[in-house]
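Let us take a walk through a protein chain together, from its overall build to a few of its details. Keep the picture at hand and turn it as you read.

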Amino acid sequence: MSSSVMSSPRLRSVIASLAILYLSIAEPPPRAEAARAFFVFGDSLVDNGNNNYLATTARADSPPYGIDYPTHRPTGRFSNGLNLPDIISEQMGSEATLPYLSPELTGEKLLVGANFASAGIGILNDTGVQFFTIIRMFQQFANFQQYQVRLSALIGAEQAQQRVNQALVLMTLGGNDFVNNYFLTPFSPRRRQFSIQAFSDYLISEFRNILRRLYDLGARRVLVTGTGPLGCVPAQLASQGSRNGECVPEPQRAAAIFNPALGRMLQGLNQELGSDVFVMANAFQMNMDFINNPQQFGFVTSKVACCGQGPYNGLGICNVLSNLCPNRNIYAFWDPFHPTERANRIIVRQIMTGSTDYMNPMNLSTIMALDSKI
Ligand SMILES: *[C@@H]1O[C@H](CO)[C@@H](O)[C@H](O)[C@H]1NC(C)=O
Ligand SMILES: *[C@@H]1O[C@H](CO)[C@@H](O)[C@H](O)[C@H]1NC(C)=O
């Protein structure tokens with residue numbers, strides 16, 4: 001940058017206000033917000049380790065998973081370090097939620113909330129059957145009910161109810177219904193049964209039931225992430241033979257049909273409930289930003305996974321024998337399906353402060369400011 005540009009008073013004031021914006025984001029949240037509970041539902045993008053306790057092949061409990069986690073050990077998170085809910089907890093000024101199945105989730109720890117997510121699951125019960133015992137949505141909700149019984153025993157029924165009503169909830173669901181069900185094989189039963197459009201319609205109607213049930217269980221502020229760009233993950237690039245890293249059209253089309261329909265469904269639900277309970281987080285766009293312009297975000301590539309093997313490191317699973325990149329901060333994808341911690345941080349930045357194109361009807365910083373006034 002030339003010194004004449006640096007000394008421009010206009011630019012200096014822009015830099016100063018950016019610095020203030022940055023400081024106000026980095027500032028610890030108010031105490032009331034720190035006390036808010038956080039509940040997490042969904043799949044491997046948000047599982048904090050529940051699958052470690054299950055007889056399933058969908059697990060992230062061996063190195064190099066967790067290589068950049070504070071303990072440098074695998075935890076069951078599908079990340080080199082922190083995952084999406086961890087970073088949201090950080091922003092809320094809370095500790096990370098424990099997996100519901102963790103024996104440590106007792107006493108005061110119950111107040112933090114809980115993570116019910118399970119890698120491999122989808123909206124439909126027949127999604128992820130290849131992973132054996134995983135915790136499907138109806139069971140995640142049964143666990144949530146059980147959690148509420150235990151919370152009531154700790155602080156009383158009325159307080160427990162209030163804590164659940166005032167909690168922040170994250171729901172990340174739907175990607176597996178496509179990649180681990182519909183698109184799993186060229187002749188999958190769901191593909192023979194449905195066109196992409198009809199399958200998406202079916203998923204949306206089942207997803208609506210799931211969210212309605214979540215509301216009935218007490219949730220009043222729910223971030224729903226939608227699916228990422230399913231055709232751009234290294235696993236798809238590798239298995240569908242992408243030549244120059246171009247995203248695979250069919251799964252991309254599925255995401256382009258499903259996500260806007262999800263947004264409309266959430267709007268309809270909010271109208272019916274007369275309140276902005278459900279907030280659409282446009283994970284598709286958040287991911288596309290750094291997939292289209294990796295360099296702008298400090299990544300050397302958005303096509304090749306850090307950990308894996310084969311083309312794009314996209315074949316099989318990340319394990320101790322895989323290729324492993326030395327610097328995880330310059331890769332968008334950690335393994336063939338999941339973002340790095342660094343990419344998750346970019347996503348959470350949009351969740352916190354994104355415009356309505358990213359967060360509809362409002363972003364998390366607005367939600368936190370609104371809800372702390374109650
Ligand atoms: C999934 O299975 C549960 C338990 O059997 C059932 O209650 C629920 O309706 C099923 N969901 C779908 C979408 O079929
Ligand atoms: C999102 O957050 C920013 C910064 O906190 C705020 O200025 C903006 O108005 C918010 N946008 C929406 C749509 O809530």
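Of the 374 residues in the chain, 46% are buried. Keep in mind that this is a predicted model. The chain has 14 helices and 8 strands. Its radius of gyration is 20 Å, close to the 21 Å given by the globule rule for 374 residues, so the chain is as compact as a globular protein of that length. Along the principal axes, the C-alpha atoms fill a box of roughly 65 × 60 × 40 Å. If you take the contacts between residues at least 6 apart in sequence, 69% of them join residues at least 24 apart.

Now look for the sheet. It is an open sheet of 6 strands in the order 2-1-3-4-5-8, with mixed pairing. Strand 2 (113-115) and strand 8 stand at the edges with a single partner strand each, so one side of each is left without a neighbour in the sheet. A little background helps here: strands of a sheet pair through backbone hydrogen bonds, in either a parallel or an antiparallel way.

Strand 5 (residues 278-281) lets you see both kinds of pairing. With strand 4 (residues 222-224), strand 5 runs parallel, and 3 bridges join the two. Here Leu-223 stands opposite Val-279. With strand 8 (residues 359-360), strand 5 runs antiparallel, joined by 2 bridges. Met-280 has Asn-360 of strand 8 as its bridge partner, while Ala-281 is matched with Met-359 of strand 8.

Which way do the residues of strand 5 point? Phe-278 and Met-280 point one way, Val-279 and Ala-281 point the other way, and all are buried. This fits a general pattern: in a regular strand the side chains alternate between the two faces of the sheet.

Next, find helix 11 (residues 249-273). At 1.5 Å a residue, its 25 residues should span 36 Å, and the end C-alpha atoms are indeed 36 Å apart, which agrees. Its buried residues are Pro-251, Ala-254, Ala-255, Phe-258, Asn-259, Leu-262 and Leu-266. To make sense of such a list, recall that an α-helix has 3.6 residues a turn, so residues three or four places apart point the same way. Among the elements that cover the buried residues of helix 11 are helix 9 (196-216), helix 12 (283-292), strand 4 and strand 5. After helix 11 comes Gly-274, with a positive phi near 65 degrees.

Helix 13 (residues 341-353) can be checked in the same manner: its 13 residues should span 18 Å at 1.5 Å a residue, and its end C-alpha atoms are 18 Å apart, which agrees. The buried residues of helix 13 include Ala-343, Ile-347, Val-348 and Ile-351, and also Glu-341 and Arg-342. They pack against elements including strand 4, strand 5, strand 8, helix 12 and helix 14 (364-371).

Finally, turn to the ligands. Which residues surround ligand 1? They are Leu-124, Asn-125, Phe-138 and Glu-206. By class, this shell around ligand 1 has 2 nonpolar residues, 1 polar and 1 charged. Around ligand 2 you will find Thr-353, Ser-355, Thr-356, Met-362, Asn-363, Ser-365 and Thr-366. The shell of ligand 2 divides into 1 nonpolar and 6 polar residues, with no charged ones.

How values were computed. Residues are numbered from 1 along each chain as its sequence is written. Chains are lettered from A and ligands numbered from 1 in the order in which they are written. This is a predicted model: local features need pLDDT of at least 70, side-chain atom pairs count only at pLDDT 80 or more; totals for chains, interfaces and linings use all residues. A residue is buried if 20 or more other C-beta atoms lie within 10 Å of its own, exposed if 12 or fewer, and partly exposed in between; C-beta atoms are placed from the backbone. Helices (H or I, at least four residues) and strands (E, at least two) are DSSP runs, numbered from the N terminus. Two strands pair if DSSP finds at least two bridges between them. The expected span of a helix is 1.5 Å times one less than its number of residues. Two residues are in contact if their C-beta atoms, placed from the backbone, lie within 7 Å. A residue is near a molecule or strand if its C-beta atom, placed from the backbone, lies within 6 Å of it. Ala, Val, Leu, Ile, Met, Phe, Trp, Tyr, Cys and Pro count as nonpolar, Asp, Glu, Lys and Arg as charged, and the others, Gly among them, as polar. The radius of gyration is taken over C-alpha atoms; the globule rule is 2.2 Å times the number of residues to the power 0.38.
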